[in-house]
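Good morning, and thank you for coming. I would ask you to look at the structure with me before we discuss individual residues.

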Amino acid sequence: MPSTNPTSTVIYKTLIALKAGNAIIFSPHPGARQCSWKAIEIVKRAAEAAGAPAGSVDAISQLTLEATSELMHSKDVSLILATGGEGMVRAAYASGTPTISGGPGNGPAFIERSADIPHAVKDIITSKTFDNGVICASEQSIIVERCIYDEVHRELEAQGAYFMNESEAAKMAALLLRPNGTINPKVVGKTALYLSQMAGFCVPASTRVLIAAQTTVSHSNPYSREKLCPVLGLYVEEDWKAACHRVVELLTNEGLGHTLVIHTRNQDVIRQFCLENRLTAF
């Protein structure tokens, strides 16, 4: 289970397991052991009070990689529900036990020219600041059509976004990733103010999110990857087709099959996005 949303993961996985007639054994992340065990105890009591067999909801007590691996390889485990980082998801699939996974996200949010811009910006910032951006489905980058960029820029600033200059963005980039290319755990779930102080620059006290203008996508560019904190990359494209290509590039870089957001009043754009990328619209 992930350390970033452990309690909600316990609740929903218990529900889907019991509704399908299965027992469930959790392997909590060591960084969230106390709240995970508390949530497990609550749903366990509720399930048994409602008539579920004793032991149908439980957790391992030794929170080590070895213990989790043994659980994954157990002949008594019929299905793994793997939610977490890429390494854990890969280990689940490699175990040979059937696996349903939810790995890292990298959700791009495209603001198309027909969108209600204040509403779109509000949605993005509200999502990105919820729990300081730890939810994997929160936005990681914004893609904007050039013809509305100035208006979007003004609205983002009005709603608490701070646009980092080139020097500040470089300092933040150095903070976001560790030398091995993985997310720096020290930035996860921190506020924009705290992150700017860690990186060594000052922002207004009203700052809610930090934004860095970007033109490239790569595994070494943290602004084009999942950032579990209130930091966003921003890309400006000429039209929706160019934006569509950028979205594909971002999702291919990380988070393919996870999350994509389109802010538009043009249903045809949504249909074309779906056709171009074989997506399902909700």
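**The chain and five of its residues**

Let us begin at the outside: the accessible surface of the chain amounts to about 14,400 Å², and 54% of that belongs to carbon and sulfur atoms. Please keep in mind that what we are viewing is a predicted model.

How many helices and strands make up the secondary structure of the chain? There are 10 helices and 10 strands. The chain is as compact as a globular protein of 282 residues, because its radius of gyration is 21 Å, close to the 19 Å that the globule rule gives for that length. Along the principal axes, the C-alpha atoms fill a box of roughly 60 × 45 × 35 Å.

Turning to the interior, 45% of the 282 residues count as buried. If we take the contacts between residues at least 6 apart in sequence, 65% of them join residues at least 24 apart. As for charge, the chain carries 25 positive and 27 negative charges, and the mean positions of these two groups are 5 Å apart.

One annotation deserves mention here. An unreviewed UniProt entry places the feature "domain: Aldehyde dehydrogenase" at residues 6–159. Over that stretch the chain is 47% helix and 17% strand, with 29 Å between the end C-alpha atoms.

I now come to single residues, in the order of the sequence.

Consider T97, in the loop between helix 4, residues 86–94, and strand 4, residues 99–102. Is T97 buried or exposed? Its relative accessible area is 9%, so T97 is buried, the limit being under 20%. Setting aside residues up to four places away in sequence, T97 touches M72, V77, S78, L79, I80 and A92.

Next, please find the loop between helix 5, residues 117–129, and strand 6, where D131 is placed. N132 has its place in that loop between helix 5 and strand 6 as well. What is the sign of phi at D131? Phi is positive there, about 50°, although D131 is not a glycine. N132, again not a glycine, has a positive phi of about 55°. With regard to accessibility, D131 counts as partly exposed because its relative accessibility is 47%. N132 is partly exposed too, with a relative accessible area of 22%.

From that loop we move on to strand 6, which covers residues 139–145 and contains E145. E145 has a relative accessibility of 1% and therefore counts as buried. Which residues does E145 touch, not counting those up to four places away in sequence? They are F110, I111, E112 and R113, together with E237, E238, D239 and W240.

The last residue is L177, which lies in the loop between helix 7, residues 166–176, and helix 8, residues 192–199. L177 has a relative accessible area of 17%, and because buried means under 20%, L177 is buried. Apart from neighbours within four places in sequence, L177 is in contact with T182, I183 and N184, and also with H219, S220, P222 and R225. How far apart are the C-alpha atoms of L177 and M164? They are separated by 17 Å, and the two residues are 13 residues apart along the chain.

To review the accessibility values, T97 is buried at 9%, E145 is buried at 1%, and L177 is buried at 17%. D131, at 47%, is partly exposed, as is N132, at 22%. Thank you for your attention.

Methods: Residues are numbered from 1 along each chain as its sequence is written. This is a predicted model: local features need pLDDT of at least 70, side-chain atom pairs count only at pLDDT 80 or more; totals for chains, interfaces and linings use all residues. Side-chain values use heavy atoms; hydrogens and water are left out. Helices (H or I, at least four residues) and strands (E, at least two) are DSSP runs, numbered from the N terminus. Buried means under 20% relative accessible area, exposed over 50%, partly exposed in between (1.4 Å probe, protein chains only). Contact means heavy atoms within 4.5 Å. The radius of gyration is taken over C-alpha atoms; the globule rule is 2.2 Å times the number of residues to the power 0.38. Accessible areas come from the Shrake-Rupley method with a 1.4 Å probe; for residues, only the protein chains shown count as cover. Lys and Arg count as positive and Asp and Glu as negative; His and the chain ends are not counted. The place of a charge is taken as NZ of Lys, CZ of Arg, CG of Asp or CD of Glu. UniProt positions are given in the numbering used here, feature names are shortened, and annotations may be inferred rather than shown by experiment.
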